[in-house]
Amino acid sequence: MRKYYMSYVDFSEIANITTDSEQLNRSAERLKELGMLTEKGNPSTAQLTSLANSIVPSFISKLERRLQRREGVYQTTLNNIYRLYEQKEYYGLYLYIAILYGFLEWRVPERLALLPSDADTLKAYWGIFITMVQDALNTAESEEPETDAVQEESL
């Protein structure tokens with residue numbers, strides 16, 4: 001039997017949402033080791049920008065390729081990401097992205113999976129992430145097929 005647009009998410013990818021304070025402390029220490037948190041515990045904008053630049057373009061590209069045969073779904077998916085961000089549903093946005101990673105048959109990168117352990121870091125990352133999504137959304141909107149009126153004129 002073939003898998004048609006199924007999504008698999010490993011529990012470890014959402015562990016920092018469904019965990020206890022001990023696990024959150026370990027994850028916060030790992031964020032510090034990776035330089036994503038400063039010694040004072042503040043998000044490192046430079047590291048978060050680097051993370052976004054390293055994973056978001058390939059994520060968006062693969063998502064677009066995977067959804068290209070489903071008319072309007074790619075743009076709707078980007079709109080959902082944007083809506084979750086606008087509603088400040090940062091943990092919901094993380095879960096949505098984790099599901100999309102599963103849909104793409106990729107694992108959520110470790111550095112991204114650690115972000116829910118620190119709410120400020122997660123919020124800061126989504127601010128950077130959403131600008132890249134907005135660029136992709138603007139591109140998708142500008143590449144929409146011609147309207148029926150324009151198509152009729154060309155006939």
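# A guided tour, from the uncertain tail to the core

Start by selecting residues 147-155, where pLDDT stays under 50 and the model has one contact beyond four places in sequence. This is a predicted model, and where pLDDT is low, the predicted coordinates should not be read in detail. Helix α7, residues 148-154, has the lowest confidence of the helices in the protein chain, with a mean of 45. Now colour everything by confidence: the chain averages a pLDDT of 87, and 89% of its residues reach 70 or more. The highest confidence belongs to α4, at 95.

**Stop 1: helix α6**

Hide the tail and select α6, residues 119-142. How far does α6 reach from its first C-alpha to its last? The span is 34 Å over 24 residues, close to the 34 Å expected at 1.5 Å a residue. Next, show the side chains of its buried residues, among them Thr121, Leu122, Tyr125, Trp126, Phe129 and Met132. Further along the helix, Val133, Ala136, Leu137 and Ala140 are buried too. Bring back the surroundings and you will find α2, α3, α4 and α5 among the elements that cover these buried residues.

**Stop 2: the nonpolar core**

In soluble globular proteins, nonpolar side chains tend to be buried together. Here the largest nonpolar core has 44 residues, and Ile97, Tyr125 and Trp126 have the most contacts inside it. Which helix gives this core its largest share? That is α6, with 11 residues. At least two core residues come from each of α1, α2 (45-67), α3 (73-86), α4 (90-103), α5 and α6.

Centre the view on Ile97. Leaving aside residues up to four places away in sequence, Ile97 touches Phe59, Ile81, Leu112, Trp126 and Phe129. Two of these names should be familiar from the last stop: Trp126 and Phe129 are buried in α6.

**Stop 3: salt bridges along α1**

Now for the charged groups: the whole structure contains five salt bridges. Select Glu22 and Arg26, whose closest N and O atoms are 3.0 Å apart in a salt bridge. Why are these two about one helical turn apart? Because they sit four residues apart in helix α1, residues 21-33. An α-helix has 3.6 residues a turn, so residues three or four places apart point the same way. Switch on a surface and compare the partners: Arg26 is partly exposed at 46% relative accessibility, while Glu22 is exposed at 52%.

Move along α1 to Arg30 and Glu33, which form a salt bridge with an N to O distance of 3.1 Å. These residues lie three apart in the helix, about one turn. Glu33 is exposed, with a relative accessible area of 59%, and Arg30 is partly exposed at 28%.

**Stop 4: from α1 to α5**

Keep Arg30 selected and add Glu110: their side chains meet in a salt bridge at 2.9 Å, N to O. This pair links distant parts of the chain, since Arg30 is in α1 and Glu110 is in α5 (residues 110-114), 80 residues apart. Glu110 is partly exposed, its relative accessible area being 43%.

For a last view, show Arg30, Glu33 and Glu110 together: they are linked in a network of salt bridges.

Conventions:
Residues numbered from 1 in each chain as written. Heavy atoms only, no water. Salt bridge = Lys/Arg side-chain N within 4 Å of Asp/Glu carboxyl O. Buried < 20%, exposed > 50% of the residue type's maximum accessible area, 1.4 Å probe, protein only. Core = buried A, V, L, I, M, F, W, Y, C linked by side-chain atoms within 4.5 Å. Contact = heavy atoms within 4.5 Å. pLDDT = per-residue confidence, 0-100. Expected span 1.5 Å × (residues − 1).
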